[in-house]
Amino acid sequence: MLRWLMRRRIAAFERAYDYDMDYAREILEVSPRALAAYGRIEGLARYCHGVPKDAFHAARLVAARWEDCGPCTQLVVTMAERAGVAPEVLRAVLARDERAMSDDAALGFRFAEAVLAHELRADELREEIVKRWGRHALVSLGFAIAAARVFPTVKYALGHGKACTRITIGGAVVPVLREAA
């Protein structure tokens, strides 16, 4: 019964996001308990309190792109679009064009890049985040960055990673720039 219910939830997610969840089915076949544990990461990934949506989704997108430049990145884009982030902001994040980002998105973008690269400038960006939005926002961004990396990492570890693909944002296909221009 539990496996049946979990299969239905996987299928519903696939339909909702046009996203291949074969790797989740593989986890389910190994252990429903393992899939339930993995699924709890979604709560961490969606924890967004005190931080503007542009900053939150920019940080998630940077972290997803850091680990994957294919379907997982597309999934994060789709979720951001549904949350109301403007397509031009998402395009700017993927193009690494800070000038084309909103101020909030640019701060989330810079912070995520600095955190992932373990750069010292993360300290000053952290202070700016706390000053602008508070400590709750900092926690939200930390969770967003960490959780966005877990999903593609597990997917690749299980052999379900995909090669880089072009991402569709607002109906337009855009390439993914993985490194600084």
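Which residues does Ile129 touch, not counting residues up to four places away in sequence? This tour of a predicted model begins with that selection.

**Stop 1: the largest nonpolar core**

Select Ile129 and display its surroundings. Ile129 touches Leu107, Phe111, Gly134, Ala137, Leu138 and Leu141, when residues up to four places away in sequence are not counted. Ile129 belongs to the largest nonpolar core, which has 40 residues; Ile129 and Trp133 are those with the most contacts inside that core. Next, colour the elements that give two or more residues to this core: H5, H6, helix H7 (87-95), helix H8 (103-116), helix H9 (121-133), H10 and strand S1 (167-169).

There is also a second, separate core, with 18 residues; Tyr17, Tyr19, Tyr23 and Cys72 are among them.

**Stop 2: aromatic pairs**

Tyr19 leads to the aromatic rings. The model holds five aromatic pairs. Select Phe13 and Tyr19, an edge-to-face pair with 6.2 Å from centre to centre and 85° between the planes. Is each of these two residues buried or partly exposed? Phe13 has 22% relative accessibility and therefore counts as partly exposed, whereas Tyr19, at 6%, counts as buried. The cut-off that separates the two is 20% relative accessible area, since buried means a value under it. Add Tyr17 to the selection: Phe13, Tyr17 and Tyr19 form one aromatic cluster.

Now select Tyr38 and Phe151. Why is this pair edge-to-face? The ring centres of Tyr38 and Phe151 are 5.5 Å apart and the planes stand at 75°, so the pair falls in that class; the class requires planes over 60 degrees apart. This pair links distant parts of the chain, as Tyr38 is in helix H3 (residues 32-39) and Phe151 is in helix H10 (residues 135-157), 113 residues apart. Tyr38 and Phe151 are both buried.

**Stop 3: the largest pocket**

Keep Phe151 and Phe13 on display, and turn to the largest pocket, whose volume is about 660 Å³. The lining of this pocket comprises 27 residues, and the closest to the pocket centre are Phe13, Met21, Gly39, Glu42 and Phe151. Which element gives the most to the lining of the largest pocket? H1 does, with six residues. To see the elements that each supply at least two lining residues, select helix H1 (2-17), helix H2 (22-30), H3, helix H4 (41-46), helix H5 (53-67), helix H6 (71-82) and H10. Colouring the lining by class shows 22 nonpolar, one polar and four charged residues.

**Stop 4: a buried histidine**

From the helices around the pocket, go to His57, which lies in helix H5. His57 has a relative accessible area of 7% and is therefore buried. With residues up to four places away in sequence left out, His57 touches Met79, Ala80, Ala83 and Val85.

**Stop 5: two loop residues**

The last stop concerns the backbone. Most residues other than glycine have a negative phi. Select Asp18, in the loop between H1 and H2. Asp18 is not a glycine, yet its phi is positive, at about 50°. Asp18 counts as exposed because its relative accessibility is 74%. Then select His118, in the loop between H8 and H9. His118 also has a positive phi, near 55°, in a residue other than glycine. At 70% relative accessibility, His118 counts as exposed, unlike His57, which is buried.

Technical notes: Residues are numbered from 1 along each chain as its sequence is written. This is a predicted model: local features need pLDDT of at least 70, side-chain atom pairs count only at pLDDT 80 or more; totals for chains, interfaces and linings use all residues. Side-chain values use heavy atoms; hydrogens and water are left out. Rings of Phe, Tyr and Trp (its six-membered ring) pair if their centres lie within 6.5 Å; planes under 30 degrees apart count as stacked, over 60 as edge-to-face and the rest as tilted. Buried means under 20% relative accessible area, exposed over 50%, partly exposed in between (1.4 Å probe, protein chains only). Helices (H or I, at least four residues) and strands (E, at least two) are DSSP runs, numbered from the N terminus. On a 1 Å grid over the protein atoms alone, a cavity is a set of points where a 1.4 Å probe fits but cannot get out, and a pocket is an open set with protein on both sides within 12 Å along at least five of seven lines; lining residues have an atom within 4 Å of a point. Grid points are joined across faces, edges and corners, and a volume is the space filled by probe spheres set on the points. Ala, Val, Leu, Ile, Met, Phe, Trp, Tyr, Cys and Pro count as nonpolar, Asp, Glu, Lys and Arg as charged, and the others, Gly among them, as polar. A nonpolar core is a set of buried Ala, Val, Leu, Ile, Met, Phe, Trp, Tyr and Cys residues joined through side-chain atoms within 4.5 Å. Contact means heavy atoms within 4.5 Å.
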